[in-house]
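Please work through the exercises below with the sequence and the coordinates side by side, and try each task before reading its solution.

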Amino acid sequence: MTNNMFFIANWKMFGDFKSVNSVKKVIKLSKIKKYKKAQIIYCPPFTLIDRFLNLVKNSKITVGAQNCHYSEKPGPFTGSINSDLIKSSGAKYVIIGHSENRVTGDTNQIINLKIKSALKKKLKVIYCIGETLNEKKKNKTNLILRSQIIHGLKNIKKNNSIIFAYEPVWSIGTGIIPKINNLEKQIYDIKNMIFKFWKLKNPKIIYGGSVNSKNISELNKISSINGFLVGGASQNSKNFIDIIKKTIN
Ligand code: PEP
């Protein structure tokens, strides 16, 4: 296990004011000495960010948003929220490039603008990359990942404010995770791609896709992983706590 581990909870379009209270158990855990190296970041829906910030204010848990608009400036974009608004909400992170947003129109070019605007506002970025099942079947995984890295990060200087989340699309919400050997090799390949592109030696790479309290011990065998992006299982505090406890043991 690497030193600090990220546990990023992506609540997607779930959660209400009541469910936020269950997070108190996770806050309690985060204060135990043994779990201090767990960097817990909650990314709830925009409407719950303020609630979360209030709840976690006396802990080291931080809060992020799940997406942002590409426009740095305010504008006529009904229903959208840009990095400036996220920054002023008090959130510190933003997820960009999630496959659930790529399918509704986020191209690598749009993602590139989003990342640039987030970094300008001094938000940390959780940059999701990953191949679809079809791309995997055609042996195009590395081609796709390379392209997501090169185009998504075009004209962005090497920095440490981006966490790379490798999320194979075929694994998200399906209960299927990659074979451990394959995943280990994939993380190695991604590190090499980032090194070639940025000359960055130790990028932070986390894994996401059907992480749960049953498969976490297996996933945790991969020492080069810097943490996990957890969707479904993070919405239940007991499951999320189990994941953290089994990782930091
Ligand atoms: C995600 O949406 O980022 C994710 C990892 O989802 P799940 O854990 O539910 O597969």
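The exercises that follow concern a predicted model, and each task is followed by a stepwise solution.

**Exercise 1. Locate Cys43 in its strand, decide whether Cys43 is buried or exposed, and list what Cys43 touches.**

Step 1: Begin with the secondary structure, where Cys43 is found in strand β2, which covers residues 38-43.
Step 2: Turn next to accessibility; the relative accessible area of Cys43 is 0%, and because buried means under 20%, Cys43 counts as buried.
Step 3: Then collect the contacts, leaving out residues up to four places away in sequence: Cys43 touches Ile8, Ala9, Asn10, Trp11, Lys12, Gly64, Ala65, Gln66, Ile95 and Ile126.
Step 4: Finally, compare sequence with space for one pair, since Cys43 and Tyr93 are 50 residues apart in sequence while their C-alpha atoms are 8.1 Å apart.

**Exercise 2. Trace how β2, β3 and β4 are paired and connected.**

Step 1: Strand β2 pairs with strand β3 (residues 62-65) in the parallel sense over 2 bridges, and within this pairing Tyr42 stands opposite Val63 of β3.
Step 2: The connection between these strands involves helix α3 (residues 49-56), and β2, α3 and β3 together make a right-handed β-α-β unit.
Step 3: On going further, β3 and strand β4 (residues 93-96) run parallel and are joined by 2 bridges, with Gly64 opposite Tyr93 of β4.
Step 4: From β3 the chain crosses through helix α4 (residues 83-89) to β4, and this β-α-β crossover is right-handed.

**Exercise 3. Describe the largest nonpolar core and the surroundings of Phe228.**

Step 1: The largest nonpolar core has 63 residues, and those with the most contacts inside it are Phe7, Tyr42, Ile115 and Phe228.
Step 2: Helix α9 (residues 180-198) supplies the largest share of this core, namely 7 residues.
Step 3: Another core, of 12 residues, lies apart from it, and its members include Phe6, Ile163, Ala165 and Leu229.
Step 4: Beyond four places in sequence, the residues that Phe228 touches include Met5, Phe6, Phe7, Ile8, Ile206 and Tyr207, and also among them are Val211, Ile216, Leu219, Asn220 and Thr247.
Step 5: As background, nonpolar side chains tend to be buried together in soluble globular proteins.

**Exercise 4. Place Asn112 in its helix and decide whether Asn112 is buried or exposed.**

Step 1: Asn112 lies in helix α6, which spans residues 108-120.
Step 2: The relative accessible area of Asn112 is 7%, so Asn112 is buried.
Step 3: Leaving aside neighbours within four places in sequence, Asn112 is in contact with His151, Gly152, Leu153, Lys154 and Ile156.

How values were computed
Residues are numbered from 1 along each chain as its sequence is written. This is a predicted model: local features need pLDDT of at least 70, side-chain atom pairs count only at pLDDT 80 or more; totals for chains, interfaces and linings use all residues. Side-chain values use heavy atoms; hydrogens and water are left out. Helices (H or I, at least four residues) and strands (E, at least two) are DSSP runs, numbered from the N terminus. Buried means under 20% relative accessible area, exposed over 50%, partly exposed in between (1.4 Å probe, protein chains only). Contact means heavy atoms within 4.5 Å. A nonpolar core is a set of buried Ala, Val, Leu, Ile, Met, Phe, Trp, Tyr and Cys residues joined through side-chain atoms within 4.5 Å. Two strands pair if DSSP finds at least two bridges between them. A crossover is right-handed if, with the strands pointing away from the viewer, the path from the first strand over the helix to the second runs clockwise.
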